[in-house]
Amino acid sequence: MNKKDITILLVDDEPDILEIVGYNLTTEGYNVLTAENGTEAVKIAKKKKPHLIILDVMMPEMDGIEACEQIRKIPDLQNTIITFLTARGEDYSQVAGFDAGADDYITKPIRPKVLVSKVKALLRRLKENDASENVVKIGNLVINRDEYKIVKDKNEIILPRKEFELLSLLASKPGKVFKREDILDKVWGNEVIVGGRTIDVHIRKLREKLGDDSFKTIKGVGYKFVI
């Protein structure tokens, strides 16, 4: 996919950030849209269906967390990558963002070159999966990697992108223990720095949706998927 075919929605209530970040991304060749609050962001996302959304957390009318939750409820935007802009050390915002369905976060203050590199890393996740491995059936669970859809006991379950990718990885080899560092590398990418609680947050959300029995914690090592 060429850069000119990729649409990025940048959402922040600070005009300087919209101008500086927007300029740098446009210079890289991306198609950039902007919004000044969460309400506007949801409307634009529904209409334009961006590939990547960069959301500030604290905004008027509707904050980034609520906007992310609303966007994740839109079927056409299930595979859109969402990353938050958060102040350094704001663990609460980062965890709340992942709970809302975000894929990643970028810390402020923003350094344009670093941000552009991070955006490139995020967009590499858009690569399509091998068609031969698109549908996986495990017990009463069907994982459709092409449509990012889960069916359990004939009930369709829509998962945020990173929850889906984590489940897909663990379920690819039932019973195998995946080390935490391997999960971070394969799901988030070794070029992406995420907090230590990131995996735990996503596993908790998967347990809530698919049941505790499907995921086993191996203390000090990682996680495994069991049938």
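## Around I183

Setting aside neighbours within four places in sequence, I183 touches L166, L169, L170, F178, W188, I199 and Y223. This is a predicted model, and I183 is a useful residue from which to start reading it. I183 is among the residues with the most contacts inside the largest nonpolar core, along with L9, L55, I150, L167 and L170. That core has 51 residues. Helix α6, residues 161–171, supplies the largest share of the core, 6 residues.

In soluble globular proteins, nonpolar side chains tend to be buried together. Another core lies apart from the one that holds I183. This other core has 18 residues, including L25, I106, L115 and L123.

## The chain as a whole

The chain contains 8 helices and 12 strands. It has 227 residues, and 48% of them count as buried. Among contacts in the chain with a separation of 6 or more, 58% are between residues 24 or more positions apart.

Two pairs of residues give examples of positions separated along the sequence. Y105 and D56 are 49 residues apart in sequence, while their C-alpha atoms are 9.6 Å apart in space. D5 and H51 are 46 residues apart along the chain, with 9.4 Å between their C-alpha atoms.

Where do Y105 and D5 sit? Y105 belongs to strand β5, residues 104–108, and D5 is in the segment before β1, residues 7–11. Y105 has a relative accessibility of 11%, under the 20% limit, so Y105 counts as buried. D5 has 39%, which lies between the limits of 20% and 50%, so D5 counts as partly exposed.

## Helix α7 and its two partners

Helix α7 covers residues 180–188, and its axis comes within 10 Å of that of α6. The two axes cross at roughly 125°. This angle is outside the ranges for parallel, antiparallel and perpendicular, so α6 and α7 are oblique to each other. Their crossing is right-handed. On the α6 side, the residues that meet α7 are K162, E165, L166, L169 and L170. On the α7 side, they are I183, K186, V187 and W188. By class, this contact has 6 nonpolar residues, 3 charged residues and no polar ones.

Helix α8, residues 198–210, also packs with α7: their axes come within 10 Å and cross at roughly 80°. An angle from 65 to 115 degrees counts as roughly perpendicular, and therefore α7 and α8 are described that way. From α7, R180, I183, L184 and W188 take part in the contact. They meet T198, I199, D200 and H202 of α8. The residues of this contact divide into 4 nonpolar, 2 polar and 2 charged. I183 and W188 appear in the contact with α6, and I183 and W188 also appear in the contact with α8.

## Helices α2 and α3

What is the angle between α2 and α3? Helix α2, residues 38–48, packs with helix α3, residues 64–72, at an angle of about 20°. Their axes are 9 Å apart. Because the angle is under 35 degrees, α2 is roughly parallel to α3. The crossing of α2 with α3 is right-handed.

G38, V42 and A45 make the contact from α2, and A67, Q70 and I71 make it from α3. Sorted by class, the contact has 4 nonpolar and 2 polar residues, with no charged residues.

## Backbone details in the loops

Some loop residues have backbone features to note. The peptide bond from K108 to P109 is cis, with omega near 0°. P109 is in the loop between β5 and α5, residues 112–123.

E61 and Y148 are further cases. E61 is not a glycine, yet its phi is positive, near 70°. The position of E61 is in the loop between β3, residues 52–56, and α3. Y148, also not a glycine, has a positive phi of about 50°. Y148 is in the loop between β7, residues 141–144, and β8, residues 149–152.

Are E61 and Y148 buried or exposed? E61 has a relative accessible area of 68%, over the 50% limit, so E61 is exposed. Y148 has a relative accessibility of 9%, under the 20% limit, and therefore counts as buried.

Conventions: Residues numbered from 1 in each chain as written. Heavy atoms only, no water. Core = buried A, V, L, I, M, F, W, Y, C linked by side-chain atoms within 4.5 Å. Buried < 20%, exposed > 50% of the residue type's maximum accessible area, 1.4 Å probe, protein only. Helix = DSSP H or I, 4+ residues; strand = E, 2+ residues; numbered from the N terminus. Contact = heavy atoms within 4.5 Å. Axes fitted to C-alpha atoms, helices over the stretch in contact; angles between N-to-C directions. Parallel < 35°, antiparallel > 145°, perpendicular 65-115°, else oblique. Left-handed = near helix turned anticlockwise from the far one by under 90°. Nonpolar A, V, L, I, M, F, W, Y, C, P; charged D, E, K, R; others polar.
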